[in-house]
Amino acid sequence: MTLKPSRSTPARLPVGARARAPQVLGALEALYPDARTELEFRTPFELLVATVLSAQATDVSVNAATPALFGAYPDAHAMSAAHPEDIEPFIRRIGLFRGKARNLAALAGLLVERHGGEVPNDFEAVVALPGAGRKTANVVLSNAFGYPAIAVDTHVGRLARRLALSVQTNPDKVETDLQKLFPRGRWVFLHHALILHGRRVCTARKPACGACVMAAFCPKVGLE
């Protein structure tokens with residue numbers, strides 16, 4: 001299976017992006033050689049649920065909630081029997097918890113109804129699940145099934161623009177630009193490493209440019 005490419009309209013890459021991309025990748029490989037998702041999971045179902053919960057929430061808050069949640073609902077069959085009100089107490093400290101509880105109950109039901117309770121290794125099937133989307137599908141398929149994908153969250157989008165790898169604000173278009181610039185076999189690593197760098201160094205409000213190993217070649221778009 002191949003992940004379905006973004007349907008974004010082709011656009012011109014920023015000047016120098018193709019020359020800068022190998023520098024970015026080299027720096028990230030040196031900094032975060034073992035970069036991976038910080039969401040904790042044991043099964044594709046747990047990863048799917050955790051990813052849905054992570055929207056507009058921190059991985060730390062999700063990881064704090066999921067052990068008890070999965071203790072009560074270890075798989076789609078168990079969760080499909082729950083009402084949203086049953087799920088809410090487990091995720092109350094996560095942002096938008098009521099809507100997410102509704103999505104998880106519906107999501108589990110559709111997994112049972114359409115896929116025998118298993119998370120499908122199919123892009124469009126995952127996107128069709130409540131609370132999921134392109135980013136969720138990319139995260140699940142890349143981390144649970146090993147398919148090459150770039151999941152564009154706020155960190156990835158922000159760094160792509162600051163590093164002048166993309167001028168786009170639409171996540172799908174950022175994804176397309178990054179796919180053009182980096183080797184397919186490094187896509188999964190790339191999005192994890194960019195997320196880590198966005199959390200630890202190139203933060204939204206106060207980026208630590210003085211401590212960044214990419215400072216010498218980073219255009220710092222939007223910062224100066």
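This section describes helix packing, selected buried and exposed residues, and the cysteines of a predicted model.

Helix H2, which spans residues 44-53, is mostly covered, with 9 of its 10 residues buried. The buried residues of H2 are Phe45, Glu46, Leu47, Leu48, Val49, Ala50, Thr51, Val52 and Leu53. The elements that cover these buried residues include H3, H4, H5, H6, H8 and helix H7, the last of which runs over residues 123-127.

Among these neighbours, H6 packs against H2 at an angle of about 150 degrees, and the two axes lie 10 Å apart. Because the angle is over 145 degrees, H2 is roughly antiparallel to H6. The crossing of H2 and H6 is right-handed. On the H2 side the contact is made by Phe45, Leu48, Val49, Val52 and Leu53, whereas H6 contributes Lys100, Leu104, Leu107 and Leu111. By class, the residues in the contact of H2 with H6 comprise 8 nonpolar and 1 charged, with no polar residue present.

Within H2, Phe45 has a relative accessibility of 6% and therefore counts as buried, the cut-off being 20%. When residues up to four places away in sequence are set aside, Phe45 touches Tyr73, Pro74, Asp75, Ala76, Met79, Leu107, Leu111 and Val119. Two of these partners, Leu107 and Leu111, also appear on the H6 side of the contact between H2 and H6. The C-alpha atom of Phe45 is separated by 12 Å from that of His115, although the two residues are 70 positions apart along the chain.

Asp75, one of the residues touched by Phe45, is found in the loop between helix H3 (59-72) and helix H4 (76-80). With a relative accessibility of 32%, Asp75 counts as partly exposed, whereas Phe45 is buried. The C-alpha atoms of Asp75 and Thr43 are separated by 9.0 Å, and the two residues lie 32 positions apart along the chain.

A further set of contacts with H2 involves Thr136, which is found in helix H8, a helix covering residues 134-145. Thr136 counts as buried because its relative accessibility is 6%. Leaving aside neighbours within four places in sequence, Thr136 is in contact with Leu48, Thr51, Val52 and Gly131. Of these, Leu48, Thr51 and Val52 are among the buried residues of H2, and H8 is included in what covers the buried residues of that helix.

H6 is also in contact with helix H5. The axes of H5 (residues 84-91) and H6 (residues 97-115) come within 8 Å of one another and cross at roughly 125 degrees, so that H5 is oblique to H6. The crossing of H5 and H6 is right-handed. In this contact, Pro84, Ile87, Glu88 and Ile91 of H5 meet Phe97, Arg98, Lys100, Ala101, Arg102, Leu104 and Ala105 of H6. The residues divide by class into 7 nonpolar, no polar and 4 charged. Lys100 and Leu104 of H6 take part in this contact and are likewise found in the contact of H6 with H2.

Two residues other than glycine were noted for their backbone geometry. Most residues other than glycine have a negative phi. Leu96, by contrast, has a positive phi of about 60 degrees although it is not a glycine, and this residue lies in the loop between H5 and H6. Leu96 is exposed, as its relative accessible area is 54%. Ala164 also has a positive phi, of about 55 degrees, and is not a glycine. Ala164 lies in the loop between helix H9 (154-162) and helix H10 (171-181), and with a relative accessible area of 10% it is buried.

Finally, the cysteines were examined for covalent pairing. A search of the whole structure finds 0 disulfides. Cys209 is in no disulfide, and the nearest cysteine sulfur, which belongs to Cys202, is 6.3 Å away. Cys209 is partly exposed, with a relative accessible area of 27%. For Cys218, the closest cysteine sulfur is likewise that of Cys202, and the separation of 6.3 Å is too far for a bond, because a disulfide requires the sulfur atoms to be within 2.5 Å. Cys218 counts as buried, with a relative accessibility of 18%.

Notes. Residues numbered from 1 in each chain as written. Predicted model: local features only at pLDDT ≥ 70, side-chain atom pairs only at ≥ 80, totals over all residues. Heavy atoms only, no water. Helix = DSSP H or I, 4+ residues; strand = E, 2+ residues; numbered from the N terminus. Buried < 20%, exposed > 50% of the residue type's maximum accessible area, 1.4 Å probe, protein only. Contact = heavy atoms within 4.5 Å. Axes fitted to C-alpha atoms, helices over the stretch in contact; angles between N-to-C directions. Parallel < 35°, antiparallel > 145°, perpendicular 65-115°, else oblique. Left-handed = near helix turned anticlockwise from the far one by under 90°. Nonpolar A, V, L, I, M, F, W, Y, C, P; charged D, E, K, R; others polar.
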